[in-house]
Amino acid sequence: MADTTNKKFGWGLVNALVVVYALFPVLWIVSLSLKGPETLSDGNFIPREFNTDNYQLILDPDNFGLFLRPLINSIGIALISTAIAVVLGTMAAYAIARLSFPGKGLLVGISLLIAMFPQVSLVSPLFEIERSIGLFDTWPGLILPYITFALPLAIYTLSAFFREIPWELEKAAKMDGATPTQAFAKVIAPLAAPGVFTTAILVFIFCWNDFLFAISLTSTEASRTVPAALSFFTGASQFEDPTGSVCAAAVIITIPIVLFVLFFQRRIVAGLTAGAVKG
Amino acid sequence: MRATLPDRRRPHRMAIALGAALLAAPVLAACGSDDDGKTIVNLYYAPEDKLEDVVANCNEAAAGRYEIVYTKLPREADGQREQMVRRLAAEDSDMDVMSLDVTWTAEFAEAGWIQEWTGDAKAEAEDGTLEGPLASATWEDKLYAAPKNTNVQLLWYRSDLVDTPPETFDELIDAANELKDSDQPYVVGMTGAQYEGLVVQYNTLTASAGGTLVSEDGKTAVVDDGAVRALEVLKNFATSGVASTSLSNAKEDDVRLAFQNEQMAFQLNWPYVYAAMQAGNPDLEFDWARYPGVDGPAKVTIGGFNLAVSKYAKHSAEAFDAALCLRNAENQRYSAINSGVPPTIESVYDAEGMDEAYPMRDTILEELKDAAVRPVTPAYQNASTIISTVLSPPQSIDPRKTADRLRKELQDALDSKGVLP
Amino acid sequence: MSMSTSAVAAASEKPPPTKAVLSEGKRAERKLGWLLCAPAVIVMLAVTAWPIIYSFWLSLQRYDLKFPDQREFIWFDNYVTVLTNEYWWTAFGVTAFITVISVAIELVLGMVLALIMHRTIVGRGLVRTSALIPYGIVTVVAAFSWRYAWTPKTGYLANTFAGDTAPLTDRAYAIFTIILAEVWKTTPFMALLLMAGLALVPEDLLKAASMDGASGWQRFVKVILPMMKPAILVALLFRTLDAFRIFDNIFVLTAGAQETSSVSMLTYNNLIKGLNLGIGATMSVLIFLAVAIIAFAFIKLFGTAAPGSDDGGKR
């Protein structure tokens, strides 16, 4: 009994360290967002007085185009891009990991090549292409590049995981009388889940945080996402940094990430404890 | 093998459906464009407080001939330039009137991106406009933009610590040292980070020392004795012990905040700090004076924005009209009072309401009449990058050697040769 | 046609497959393989094929947007200009230094974090979520908050550690803070990939090892690490590729001042600020080549399995 309590205490301490390391700078951002212009640079970690002006400013429905509309854009574009990238990536990774066909190596090489080319010089040609086919400043105009640049990572990560799955289990399940669907759903899917959800988290974060494409391929709030919208925040004049409102926006846009991760990290655990392997 | 195929097809079908939905979206997005008969003039301007009111005023004045639609550009000047250049290089006809920083005129004109102002429009743009800003809108003796607002730096100082403001840099350093000896706040704030702000300061010093950096046609790097003298002054200041320890990382707002928090006794900064400091620290006692120069008050570098009309604009006549309205005397007065941007038309300085919002307007006007412009060349961005790199950090300047290095690298930059740092 | 189909039908009953069935099956497998990969390939090529080719083509020209009349084809002169330029090599050195150090730290820290996230017995959800938050914060905002934290008087870090000097104005100190910001931000990326790799290590193997008397450390080195090798190498590969192209943190913290520019910042300055399309494209190609060499080294030397290079899935 005491042993388990000790163990729990020990782990609790370690957890606390991790949380502090991860969240200390985040708390600093929260603190900056709650400071008014007078106390912004007083160097205090915890604000002496709490000022919610910044939050009120960006969440004001009258300022819809300032932050709320970009937030909606971000959520929609990131979710759609993640869904499609994971689906396409899973299909390709399955083929790469399990099937043999000519051109496999070439495909992997090409996707790696795309991941490696500096994006800054791809932006202008992309801008011209999108302008001429009418995708500029639209949701698909951002979704397509996001999928493109998320796919290499997705394919690589997923195929690395798929390689580790013992596929004979599927045959074993079928021999035990399961239909192909049951075999897939009950045996293979849980083993594939950790990899798929890991990839989903990484792709989502990539789309959510991207700045370069967001600022170059959008021009109005119709499709501008939050990271780009941050550079349109203004202080009271040309040179004043809108630190407070930028930090408030940062705090708010971290919340969906937290939710997304909270949701998916339980799926990863569920996948691991499905227990198909241990039998 | 066959048994497992059906399961694979399900995600495949979903992907197709999603893809189709995505491709249909732009068709829907295209609806609602400006094809409802009215002429639209697209204004691309930096985010300026209350500019929407000015736009509304001009739409009223247009009385239906056209409507100005205001699209915001990013806050940072580099971001604004990036957005506009990308479109102009692609010959985008979506932009009609654009806000150009004063240093971009030569570049945009040489690249063929903006239209020349001629005839009546030119006359109206020049009428009553101060010389300095007008010079910044000119390239090869042709007018390419209408000055909207301007900006000059001032010396701000703690009136409770300093009685008479210094007039030269030497006096400034002496005054600061005196304060230092009596254990009071003494630091002098200057924007010395490796960026455009440093170029502004150095340009002021060079002009004040009677020097030149670049020839008038923008093709040759000069960097004469006056420029060397300016380097000496800058180095002196940086190593004098009264400059901030963060000098080589300080930008405008960093300096303003430090002064506001009573860590500094002097700062060299734009007029925006007046309203900002009043909001941030209402009890602070401060005053302003002319920027100190080398042998007397300085020839200060001009900042500000000009309005230009894009080469690819669909409705040029209306665009020129709209631009002239946005920067006319009444709207400049409104912007000065409500957005904190100094006017370019001289008569506005005496207009109603200017004295409460702009108590420093007389000093600003004085400086504007004796101002300096940054090197006028299409390769200004290159030149600015080189200058700020070579001069950083200010403490390591060796006047002769730095000047030689500057001359050589500046020439490469003007010829667009070599690599930018 | 019908003969071979019936042959297939007949052959699927027989245990030893004949040659005809294999090629039929193989063809179906190949078709399936291409079909599954097609959507991904089509999307990737449609978006990037032209821009990449265009960049290569631009790098062979002298093309400055500010002087459009001076545009001309100059073959590899741009490459000579860049490769003999001091600014390029300084940036290259800084980039390489930051890459090696930050990836090394992230690997160790990421492994520790992965172990904690995997093995902790209290507050799993809390630890896992909070460990991933740094990666989820918009990079420029995080960099901005570090900048503020290291500014004297304004920031708690500067006040605690640096006293009166301004850390960001000193080159070594500045590089240190850049590495710190990078490590803090992207360790979760490593940790996540490593944790998912950890999850694939079978519990019973570990139990067997501990019953054989292996200590925690021995279990780690002899059982866990080898089984995690694929995951480790994928994480290292992608992290290194990204680290070499570092931009946001440097841009906000120092804007490349005091010679802390990375090659990406240099490219940005020449391409977007300098509007020199020729030089900018050249630098992009050079960065691409450098990154390709790194990837090649990882695959060939360290044996990162290029997925599909063996029939690993078909045991």
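**Note on a sheet in chain B and the contact between chains C and A**

1. In S11(B), Gly304(B) is the bridge partner of Thr150(B). The model is a predicted one, and the points below should be read with that in mind.

2. The pairing just named belongs to the contact between S6(B) and strand S11 (residues 303–309) of chain B, which run in the antiparallel sense and are joined over five bridges. Also facing S11(B) is Pro147(B), which stands opposite Asn306(B).

3. Strand S3 (residues 97–101) of chain B is likewise antiparallel to S11(B), with five bridges joining the two; here Asp101(B) stands opposite Phe305(B).

4. These strands are part of an open sheet of five strands in chain B, ordered S2-S1-S3-S11-S6, in which the pairing is mixed. Strand S2 (67–72) and strand S6 (146–151) of chain B each have a single partner strand and stand at the edges, so one side of each is left without a neighbour in the sheet. On average, and with direction ignored, neighbouring strands of this sheet are turned by 25° against each other.

5. S11(B) is mostly covered, with seven of its seven residues buried. Gly303(B), Phe305(B), Leu307(B) and Val309(B) point one way from the strand, while Gly304(B), Asn306(B) and Ala308(B) point the other way, and all are buried.

6. Turning to the chain contact, chain C contributes 89 residues and chain A contributes 90 residues. On the side of chain C that touches chain A, helix H2 (residues 19–58) of chain C supplies the largest share, 19 residues, and by class this side has 57 nonpolar, 22 polar and ten charged residues.

Methods
Residues numbered from 1 in each chain as written. Chains lettered and ligands numbered in written order. Predicted model: local features only at pLDDT ≥ 70, side-chain atom pairs only at ≥ 80, totals over all residues. Contact = placed C-beta atoms within 7 Å. Helix = DSSP H or I, 4+ residues; strand = E, 2+ residues; numbered from the N terminus. Nonpolar A, V, L, I, M, F, W, Y, C, P; charged D, E, K, R; others polar. Pairing = 2+ DSSP bridges. Axes fitted to C-alpha atoms, helices over the stretch in contact; angles between N-to-C directions. Buried ≥ 20, exposed ≤ 12 C-beta atoms within 10 Å, placed from the backbone.
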